[in-house]
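Dear colleague,

I am passing on the structure we spoke about, together with some notes on what came out of the analysis. Please read them with the coordinates open beside you.

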Amino acid sequence: MRRYAAEVSYDGALFRGWQVQPGLHTIQGSLEAALEALNGTPVSVAGAGRTDMGVHARAQVCTFDLPKAWEPARLLLAINAHLPAGVSAMRVAPVPEDFHARFSAASREYVYFLWNASTIYPMLAPYVCWVKNSSAYEWSRAAEACRYLEGTHDFGAFCRAVDRPDDSVRTMFRVRLRQKGNLVWLRVLGNGFLTNMIRIMMGNLELVAKGVHDPDWIKTLLEEGTSRSEGGRTFPPEGLFLWKINYEDSPWTPNKKRYDVK
């Protein structure tokens, strides 16, 4: 058997999330069906992370094993020939047998996009959260609050309550919020994420941008015993993109370090 890694991009609005679910149209299920068509027998695909329904991916990474060696360019074309609309393999590479899309990952990066204006370009609407009242928001305040999210903290209050794990400590290497015109985006690089964490993070930063709380209020949500109910809303999935998976040894450029947390 030979192991391969694939970088996959998809429009999350067209699928019921990443994970295989019987009778539902999912990204993992579509990839496994495409590989089974090539292999003749079932192929298991492991992803670097599970995106929820409606969440997009610019560069998800997955790994799988095939019984014969393929030339990467030919394998890429063959996979894409069998994938449905809305998902595409962007590149493929052979990797060592112990490489795993999820467990070998050093960090993951997400970007959340929102459009803050009274009108919106229709072609943007499926891929951003549309926040209409621009005069009510001062996003520089939210940008200031982001610094309190960096570092190692208990992010339990940033997780959907029913999915809060016993260990909700995670490390955020970089949290930045930027604005250019009507477009606002939150970019987060971390070692792991909880259910709905980025979308809840965006909801908490919204309260700061609206002046409901000062920027340093974010620190109180990281204190022990804080519950999900003390924070803001969970932003919708359409603005969220799994942007990049980082590995200490990149599958795309072997022996070259790619783990950047600066």
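The side chain of S250 has a polar atom 3.1 Å from the backbone nitrogen of W252, and that side chain also reaches the backbone nitrogen of T253, at 3.3 Å. Please keep in mind that this is a predicted model, and that the distances are computed from it. S250 is found in the segment after β10 (240-247), and because its relative accessible area is 7%, below the 20% cut-off, S250 counts as buried.

Helix α1 (residues 27-39) can be checked against its own length: its 13 residues, at 1.5 Å a residue, should span 18 Å, and the C-alpha atoms at its ends are indeed 18 Å apart. At the N-terminal end, T26 acts as a cap of α1, with a side-chain oxygen 3.0 Å from the backbone nitrogen of G29, while just after the helix G40 adopts a positive phi of about 90°. Buried in α1 are I27, Q28, S30, L31, E32, A34 and L35, and these buried residues pack against β1 (2-10), β3 (56-66), α2 (72-81) and β4 (87-94).

The largest pocket has a volume of about 970 Å³. It is lined by 35 residues, of which G49, R50, T51, Y110 and F193 are the closest to its centre, and the elements that contribute two or more residues to this lining are β2 (46-47), β5 (105-116), β8 (169-180) and α4 (197-209). Sorted by class, the lining comprises 14 nonpolar, 14 polar and seven charged residues.

With best regards

Methods. Residues are numbered from 1 along each chain as its sequence is written. This is a predicted model: local features need pLDDT of at least 70, side-chain atom pairs count only at pLDDT 80 or more; totals for chains, interfaces and linings use all residues. Side-chain values use heavy atoms; hydrogens and water are left out. Helices (H or I, at least four residues) and strands (E, at least two) are DSSP runs, numbered from the N terminus. The expected span of a helix is 1.5 Å times one less than its number of residues. Buried means under 20% relative accessible area, exposed over 50%, partly exposed in between (1.4 Å probe, protein chains only). Contact means heavy atoms within 4.5 Å. A polar contact is a pair of N or O atoms within 3.5 Å; within protein, one must be able to donate a hydrogen and the other to accept it, and residues adjacent in sequence count only if both atoms are side-chain atoms. On a 1 Å grid over the protein atoms alone, a cavity is a set of points where a 1.4 Å probe fits but cannot get out, and a pocket is an open set with protein on both sides within 12 Å along at least five of seven lines; lining residues have an atom within 4 Å of a point. Grid points are joined across faces, edges and corners, and a volume is the space filled by probe spheres set on the points. Ala, Val, Leu, Ile, Met, Phe, Trp, Tyr, Cys and Pro count as nonpolar, Asp, Glu, Lys and Arg as charged, and the others, Gly among them, as polar.
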